[in-house]
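The exercises below ask you to read a protein structure step by step, from single residues up to whole sheets. Try each task on the structure before you turn to its solution.

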Amino acid sequence: MSQYKQLSIFIDCHVFDGTFQGTTTYLKGIYTEMVKNKGINFYFAALDIIHLEKIFGTAPNINYLQYKNHNKFYRLLFDIPAMIKQHKIDYAHFQYVVPPIKHCKYIVTLHDVIFMEHPEFVPAGYRIKNNILFKWSAKKADILLTISEYSKAQIKKHFGLVADAITINTAEDIFFEPYDKPAVQKQVAARFDFSNYLIFVSRWEPRKNHHGLLKAFAQGEFYKNYHLVFVGDDAIKNAEYEALYASLPPQVTQKVVCLRKVGFADLLLLVRGASLSVYPSFAEGFGISPLEAVAAGIPVACSGATAMADFTFLSNTLFDPHSTNDMIAKINIALTTDNSGVAGALKQKYSWANAAGVLQSLLKPSVQKN
């Protein structure tokens, strides 16, 4: 008698070999929920599969595959197609870019096309390359996902493609867990040698507006009572930030801290220990960092531009990222406002279980076998 073979999904997890970013949070959130479905076999692939196992755990339906090479082109051209063929994968899930050789159905999450909507923030070469790669990959997708209504509209506008669904982001469960604030602050002070700080978690790109936050930090004289802590790796050089930093007096710059290559445990500690989280970005496909701070009960002042306009539970502290005065005003409001209950509003609006359910509803049963 014929029966359906168990559905199999390959997940490209190369982003877990670096530091945590939006795509790692996205994959971790969705697939921590998805692996609960024992009717699906999951194949997680990266260089560091020991790290992956700590994230997704062990179960009969969870498998780990190790890439042979650090080179991303080798991975896309050789490693992944061979793994998909060997394990008879039904679906393979990629972020932004897919392999050219296709042995199964592709799931592609195109988080945003900000570089098309705001070309002023990226080098021309970056824009041209990603325009080609992202659009080509999106066309190869059997299931095209994105993470917000804003990104869905931008994908349609610039690529002429309609995403099949929105798998909306949220903060990981651990950010919602209770913790001892004074104890965390002592840990931060002992480990990093600062306390009473504003934090901005994001990789470095001009569109992230690090320079705007630094300007507000100086002009609003927050440096008199707080440090400003930037957490994130370099992506695209921000010359405006560097010029501004060089022009500021020592009493400001000595209160600015830049941390790169921060692991998840330290990130969680830094977010929990902060006096305020600020997210001044000009443009985002979503914006996970302010939600992580909200979940942790940290006051948040956030840009209200692009996709972040949907964060209605932060309406009192959303600001115009182009206005230094507005940013300063909203930071002051956030620092003096009780935000208890905001985490509950966040949890009601967004959940990884819902995102996983959306993806799972799009998967079709595998072909029959004899």
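**Exercise 1. Locate Glu221 and describe its exposure and its backbone.**

Solution. Begin with the place in the chain: Glu221 sits in the loop between H9 and S10, where helices (H or I, at least four residues) and strands (E, at least two) are DSSP runs numbered from the N terminus. Residues are numbered from 1 along each chain as its sequence is written. The model is predicted, so that local features need pLDDT of at least 70 and side-chain atom pairs count only at pLDDT 80 or more, while totals for chains, interfaces and linings use all residues, and side-chain values use heavy atoms, with hydrogens and water left out. Next comes exposure: Glu221 has a relative accessibility of 39% and therefore counts as partly exposed, given that buried means under 20% relative accessible area, exposed over 50%, and partly exposed in between (1.4 Å probe, protein chains only). Finally, look at the backbone, where Glu221 has a positive phi of about 60° although it is not a glycine. A second residue to set beside it is Thr306, in the loop between strand S13 (300–303) and S14, whose phi is near 50°, again a positive value in a residue other than glycine.

**Exercise 2. Is strand S9 enclosed or open, and which way do its side chains point?**

Solution. First consider burial: 5 of the 5 residues of S9 (residues 197–201) are buried, so the strand is largely enclosed by the rest of the structure. Then follow the directions, in which Tyr197, Ile199 and Val201 point one way from S9, whereas Leu198 and Phe200 point the other way. In a regular strand the side chains alternate between the two faces of the sheet.

**Exercise 3. Find the strands that pair with S9, and place S9 in its sheet.**

Solution. On the one hand, S9 pairs with strand S10 (residues 227–231) in the parallel sense over 5 bridges, and two strands are said to pair if DSSP finds at least two bridges between them. Within this pair, Tyr197 stands opposite His227, and Phe200 stands opposite Phe230. Between the two strands the chain passes through helix H9 (residues 210–219), making a right-handed β-α-β crossover; right-handed here means that, with the strands pointing away from the viewer, the path from the first strand over the helix to the second runs clockwise. On the other hand, S9 is joined by 2 bridges to strand S12 (residues 276–279), which runs parallel to S9, and there Leu198 stands opposite Leu276. The wider picture is an open sheet of 6 strands in the order S11-S10-S9-S12-S13-S14, with parallel pairing. Its edge strands, each pairing on one side only, are S11 (256–259) and S14 (318–319).

**Exercise 4. Describe how helix H9 packs against helix H14.**

Solution. Start from the geometry: H9 and H14 (residues 324–335) pack at an angle of about 65°, with their axes 9 Å apart, where axes are lines fitted to C-alpha atoms, for helices over the stretch in contact, and angles run from 0 to 180 degrees between N-to-C directions. This makes H9 roughly perpendicular to H14, a description used for 65 to 115 degrees, whereas angles under 35 degrees count as roughly parallel, over 145 as roughly antiparallel and the rest as oblique. As for the residues involved, H9 contributes Gly212, Leu213, Lys215, Ala216 and Gln219, and H14 contributes Thr324, Met327, Ile328 and Ile331; contact means heavy atoms within 4.5 Å.

**Exercise 5. Work out the order of the sheet that contains S3 and S4, and follow the chain between these two strands.**

Solution. This open sheet has 7 strands in the order S4-S3-S2-S5-S6-S7-S8, and the pairing is parallel. Its edge strands are S4 and S8, each of which pairs on one side only. Moving to the pair itself, strand S3 (residues 40–46) is joined to strand S4 (residues 62–66) by 5 bridges, with Phe44 opposite its bridge partner Tyr64. The chain crosses from S3 to S4 through helix H2 (residues 49–56), and this β-α-β crossover is right-handed. H2 itself lies across S3 and S4, running at about 160° to S4.
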